[in-house]
Amino acid sequence: MALSSDPESAPDPLPGASGYAEIDLGAIRANVASLKERAGDAALMAVVKADGYGHGAVPSARAALAGGADWLGVAQLSEAVAVRAAGATAPMLTWLYVPGADLGSAVLADIDLGISSVAALDELLRATTRQGKTARIHLKVDTGLARNGAYGSDWTALVAATARAAAEGAVAVVGVFSHFAYADAPDHPTVRSQQQTFEAAVAELERTGIRPQVRHLANSAATLTNPSAAYDMVRPGLAVYGLSPIPDLGTPADYGLREAMRLISHVALVKDVPAGQGVSYGHTYVTDRATRLALVPLGYADGLPRNASNAGPMLHRGVRQTIAGRVCMDQVVLDLGPDADVAPGDPVVLFGRGEDGEPTAQDWATATGTISYEIVTRVSSRLPRVYVGEGR
């Protein structure tokens with residue numbers, strides 16, 4: 001399908017649909033190519049967790065690999081297995097699972113596993129003993145985020161246990177990794193501190209004779225702003241989809257990125273109301289003159305934040321509008337003014353490409369006090385994804 005930046009002139013791909021998410025796979029491919037260039041000699045792992053940040057894990061993975069990604073990263077084990085089953089053959093890492101997870105399925109599917117504790121290693125060893133297959137692992141060290149990963153003396157214990165398992169041929173240590181707490185603030189003192197802790201942790205592992213293939217710490221923000229954190233591989237997520245992880249420092253275009261998702265709906269109903277008319281639940285918006293209202297059939301069941309009430313931006317016929325009143329489960333209202341040229345069926349862009357004058361996911365994040373990550377990942381599965389561009 002050809003890509004058009006103007007939904008008013010483009011043919012409607014889903015006539016009669018209340019809305020859809022248009023995903024530009026060519027943008028994902030181009031974003032990865034740009035990030036790959038920034039990474040220099042380091043490999044690039046494209047993170048396609050959370051169903052590709054709402055863009056679709058499998059199509060996003062294919063587009064990322066077409067753009068030059070060397071690895072794929074998927075947080076949850078079930079998602080990683082699904083991406084592998086869909087035909088992705090690139091090296092893949094998954095790192096988030098609970099005791100009792102089917103680790104054997106990942107090993108059989110040639111999926112690398114992140115290991116954050118001796119307990120997780122022991123559980124994996126029980127699975128590999130049954131299979132008789134060497135598991136590929138990446139050890140995760142907690143360098144200061146205090147989330148996933150082995151911390152302090154637990155890292156030392158994990159290194160020792162891993163060295164024993166590697167000597168027996170039960171595991172192959174492919175990588176060591178960690179995660180920044182403040183990469184979106186490149187000058188924050190924790191950034192360098194975490195790098196130093198990471199380098200010390202790697203050195204401790206290497207003293208056992210284990211030489212990991214890839215050391216990876218850089219997320220999207222670090223990939224864009226901190227070349228010293230590239231090590232052997234960078235691990236961008238949000239930037240793959242054309243959004244800036246450091247919006248205070250630059251727009252996507254400033255970093256050579258292009259937004260891949262556009263959220264589009266259509267006007268369902270138009271009505272004229274008098275001045276003083278309350279709009280939507282609780283009448284938190286009241287018209288200040290006779291005006292024309294347009295009903296847009298998307299709401300919080302579709303992923304719009306409810307606190308976008310009286311705040312969320314939209315584009316109708318080239319003019320920015322703001323939601324009038326509360327976001328409902330299935331619909332919102334726009335106050336377009338008394339002389340608005342509007343008709344049922346008109347396309348409305350909730351967010352898309354900033355360079356084209358459309359509201360962006362970051363605009364929605366700013367309006368609702370959150371981050372663009374949440375805006376795109378919360379787009380409901382009841383909204384179809386329409387794939388365009390040359391990234392497949």
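Is A50 buried, partly exposed or exposed? In this predicted model, A50 has a relative accessibility of 40% and therefore counts as partly exposed, the limits of that class being 20% and 50%. A50 belongs to helix α2, which is formed by residues 49-53. The backbone at A50 has a positive phi of about 50°, although the residue is not a glycine. A positive phi is also found at H283, another residue that is not a glycine, with a value of about 45°. H283 is placed in a loop, between β12 (278-279) and β13 (285-286). With a relative accessibility of 47%, H283 is likewise assigned to the partly exposed class.

Salt bridges were searched for over the whole structure, and 18 were found. One of them joins D112 to R136, with 2.7 Å between the closest N and O atoms. D112 is part of strand β5 (residues 112-115) and R136 is part of strand β6 (residues 135-140), so this pair ties together parts of the chain that are 24 residues apart in sequence. The two partners differ in their exposure: D112 is buried, its relative accessible area being 0%, whereas R136 is partly exposed at 34% relative accessibility.

A further salt bridge links R192 and E199, whose closest N and O atoms are 3.7 Å apart. R192 is partly exposed, at 41% relative accessibility. E199 is also partly exposed, at 33%.

R289 and D335 form a salt bridge as well, and here the closest N and O atoms are separated by 2.8 Å. R289 is in the loop between β13 and β14 (291-296), while D335 is in strand β17 (residues 332-335); the pair therefore ties together parts that are 46 residues apart in sequence. R289 is partly exposed, with a relative accessible area of 31%, and D335 counts as buried at 10% relative accessibility. Elsewhere, E22, R262 and E358 are joined into one network by salt bridges that share partners. Of these residues, E22 lies in strand β1 (residues 19-24) and is buried, with a relative accessible area of 8%. The C-alpha atom of E22 is separated by 47 Å from that of T156, a residue 134 positions away along the chain.

E259 presents a case of a buried acidic residue without a salt bridge. The nearest side chain of opposite charge is that of R353, at a distance of 6.1 Å; a salt bridge is not assigned at this distance because the cut-off is 4 Å. The side chain of E259 does, however, reach the backbone nitrogen of G354, at 3.2 Å. E259 is located in the loop between β9 (233-234) and β10 (261-266). When neighbours within four places in sequence are set aside, the contacts of E259 include A27 as well as Y241, G242, L243 and P252. G352, R353, G354 and T360 are also in contact with E259.

The UniProt record, an unreviewed entry, lists residues 260-388 under "domain: Alanine racemase C-terminal". In the model, this span is 11% helix and 33% strand. The C-alpha atoms at its two ends lie 10 Å apart.

Helix α10 comprises residues 361-368, and its buried residues are A361, W364, A365 and T368. These residues are on the same side of α10, because they cover an arc of only 100° around the axis. The elements against which the buried residues of α10 pack are two strands, β15 (313-316) and β18 (347-351), and one helix, α11 (372-377). G369 follows α10 and has a positive phi, near 70°.

Terms used: Residues are numbered from 1 along each chain as its sequence is written. This is a predicted model: local features need pLDDT of at least 70, side-chain atom pairs count only at pLDDT 80 or more; totals for chains, interfaces and linings use all residues. Side-chain values use heavy atoms; hydrogens and water are left out. Helices (H or I, at least four residues) and strands (E, at least two) are DSSP runs, numbered from the N terminus. Buried means under 20% relative accessible area, exposed over 50%, partly exposed in between (1.4 Å probe, protein chains only). Lys and Arg count as positive and Asp and Glu as negative; His and the chain ends are not counted. A polar contact is a pair of N or O atoms within 3.5 Å; within protein, one must be able to donate a hydrogen and the other to accept it, and residues adjacent in sequence count only if both atoms are side-chain atoms. Contact means heavy atoms within 4.5 Å. The arc is that of the directions from the helix axis to the C-beta atoms. UniProt positions are given in the numbering used here, feature names are shortened, and annotations may be inferred rather than shown by experiment.
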